[in-house]
Amino acid sequence: MSTIVHKKIPTYYNFAGGEWTEATSKELIESFNPATGELVSYSQKSNIQDVSQIIESVQHSFLTSDWSMNPKRRYEALHSLAEKMTEKLEHLALILTMDQGKTIRESRIELSGCIDTLKYFAGAARSVFGRSMQLEPDNFGVVVKEPVGVVGIISPWNWPALLMIRELAPALAAGNGVLVKPASLTPSISVEIFKLIAEIPHFPKGIVSIVTGPGKSIGAAMAASDKIDMISFTGDTSTGKSIIEMGAGNVKKVALELGGKSPNVVFEDANLDKAVPVIGRSIFISAGQICMAGSRVVIHESIKDEVVKRLKEYAEQLRVENGLLETADMGPLVSQSQLDLVEEYCEIGRKEGRIITGGYRMAGETYDQGFYFAPTIIDGLMAGSRVVKEEIFGPVLAVQTFSTEKEALHIANDSDFGLSAGVWTSDLNRAVRMSKGIKAGTVWINTYNKNFPETEFGGYKQSGLGRTRGVDGLMEYCETKHVHIEIDPREGAPL
Ligand code: NAD
């Protein structure tokens with residue numbers, strides 16, 4: 001067992017103007033390990049005044065440094081951060097697991113994803129291409145991509161390192177100044193990464209800052225600030241809607257990565273030996289606290305009993321325990337309120353359907369101090385049940401059944417969300433038809449949850465606005481400017 005004992009609880013500060021700073025209130029936020037209830041860190045409880053000062057310092061750095069015009073500098077900065085994170089990976093993984101509760105193996109995967117993303121966007125910083133075209137004999141159009149300006153990044157607690165870096169890397173690669181606000185439940189890992197940023201001289205002082213504090217006050221202040229040109233928000237759909245409203249004051253650019261209720265559609269010719277563990281993992285990874293969780297499995301009626309039996313076996317062999325243990329397959333939920341919410345949905349599932357496995361808070365010596373919930377599968381629910389419709393953000397899988405391809409497509413799309421989907425079949429024609437018909441930003445065929453910095457990710461419908469990752473993800477952080485050049489014709493030259 002790998003354990004870590006903190007002799008002293010660390011206190012994290014804001015990082016602004018290239019300095020570590022305290023919140024003016026001197027108040028602190030306590031963070032607890034969801035596996036044990038132990039206090040793991042203090043961070044600054046910043047207020048609106050702190051935020052507006054920090055926004056000004058980012059803006060000042062953006063306007064006065066060469067950052068926006070120096071792609072090589074941006075490449076060096078992002079590449080150095082990738083190297084520093086690689087050196088510190090084990091240390092960061094421990095912090096992440098204690099902050100969030102996820103397994104140490106998952107923390108390593110999350111941090112490796114950060115490093116890969118940083119390397120990809122370090123290179124991309126030197127490839128922010130525009131285009132030029134001849135329009136008429138004496139007219140040229142030059143289209144250039146420029147940074148938007150000051151970007152506010154507001155991130156959630158479920159994948160706190162990667163979801164911050166996934167936005168921070170392209171925003172910085174494009175030449176913006178950035179202020180990050182991490183979720184109040186998981187500030188430690190974000191500020192730990194900023195400690196590495198603070199050591200990198202390629203970042204101009206103040207160009208990248210972090211402020212901790214309550215979303216409802218300081219997150220909202222960022223969304224409303226007319227000194228912030230763009231907000232990149234990852235979180236709950238209802239919060240995302242309010243971000244759009246708050247950003248209307250200065251018509252700021254908004255990119256939203258929101259919730260999901262994603263289906264895995266399993267046809268009768270699917271390779272179940274491959275499908276079942278991947279589908280199981282798609283919902284039980286991060287204890288179901290992941291936006292792209294495969295929280296619905298939509299199964300052809302002829303194989304339904306077999307698939308449900310195998311998924312039950314998969315769920316019941318998972319080792320649910322403190323994420324610091326190398327053997328852990330699933331850790332606790334992030335907080336008491338998340339646990340209460342998941343219990344509430346399971347009560348609805350119990351009344352309206354049939355619990356196949358799980359459906360309870362785990363009890364006993366190993367579990368009592370943490371927020372552990374058993375991997376759960378619920379069958380027999382009506383299409384309109386809240387358990388089928390709403391994002392639970394917990395380890396709860398809803399089973400649905402179909403008889404025809406048309407019905408499978410209807411069920412897959414019968415959701416306010418459209419983040420991702422899986423299709424399991426050995427019929428290529430059907431796979432392509434389904435991928436075209438499904439209204440989601442990502443469709444995986446015979447796999448799930450494969451993510452790369454090169455490929456775009458984002459939501460249809462209420463799952464988001466804009467795209468993250470890939471070329472589109474970089475362009476999200478750019479403005480487009482058309483520079484038009486008209487030349488005086490040479491005397492006697494043919495026109
Ligand atoms: P949340 O909306 O409660 O919080 C997200 C962030 O917004 C936090 O930093 C929070 O402090 C801040 N915030 C809260 N209220 C705010 C307000 N009024 N104004 C401005 N900021 C505010 O979401 P969460 O509970 O942290 O995260 C879970 C949600 O995130 C789920 O719905 C999940 O699906 C979604 N998510 C989406 C993606 C994606 O890529 N699409 C990825 C991960 C999580």
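A crossing of two helices is called right-handed if the near helix is turned clockwise from the far one by less than a right angle. In this predicted model, the crossing of helix 9 and helix 10 is right-handed.

Helix 9 spans residues 272-284 and helix 10 spans residues 304-317, and the two pack with their axes 10 Å apart at an angle of about 55°. Because that angle falls outside the ranges counted as roughly parallel, roughly antiparallel or roughly perpendicular, helix 9 is oblique to helix 10. On the side of helix 9, the residues that take part are L272, D273, V276, P277, I279, G280, R281 and F284, and in helix 10 they meet E306, V307, R310, L311, Y314 and A315. Sorted by class, the residues of this contact comprise nine nonpolar, one polar and four charged.

A second helix pair is formed by helix 2 (residues 71-87) and helix 5 (residues 160-173), whose axes come within 9 Å and cross at roughly 160°. Since angles over 145 degrees count as roughly antiparallel, helix 2 is roughly antiparallel to helix 5. Here R74, L78 and L81 in helix 2 meet I165, A169, L172 and A173 in helix 5, a contact with six nonpolar residues, no polar ones and one charged.

Turning to the ligand, 29 residues surround it, and the closest are S155, W157, T239, L258 and E391. A polar backbone atom of S155 lies 2.7 Å from an oxygen atom of the ligand, while a polar backbone atom of G215 is 3.5 Å from an oxygen atom of the ligand. A nitrogen atom of the ligand, in turn, is 2.7 Å from a backbone N or O atom of L258.

Conventions
Residues are numbered from 1 along each chain as its sequence is written. This is a predicted model: local features need pLDDT of at least 70, side-chain atom pairs count only at pLDDT 80 or more; totals for chains, interfaces and linings use all residues. Side-chain values use heavy atoms; hydrogens and water are left out. Axes are lines fitted to C-alpha atoms, for helices over the stretch in contact, and angles run from 0 to 180 degrees between N-to-C directions. Helices (H or I, at least four residues) and strands (E, at least two) are DSSP runs, numbered from the N terminus. Angles under 35 degrees count as roughly parallel, over 145 as roughly antiparallel, 65 to 115 as roughly perpendicular and the rest as oblique. Contact means heavy atoms within 4.5 Å. Ala, Val, Leu, Ile, Met, Phe, Trp, Tyr, Cys and Pro count as nonpolar, Asp, Glu, Lys and Arg as charged, and the others, Gly among them, as polar. A residue is near a molecule or strand if one of its heavy atoms lies within 4 Å of it. A polar contact is a pair of N or O atoms within 3.5 Å; within protein, one must be able to donate a hydrogen and the other to accept it, and residues adjacent in sequence count only if both atoms are side-chain atoms.
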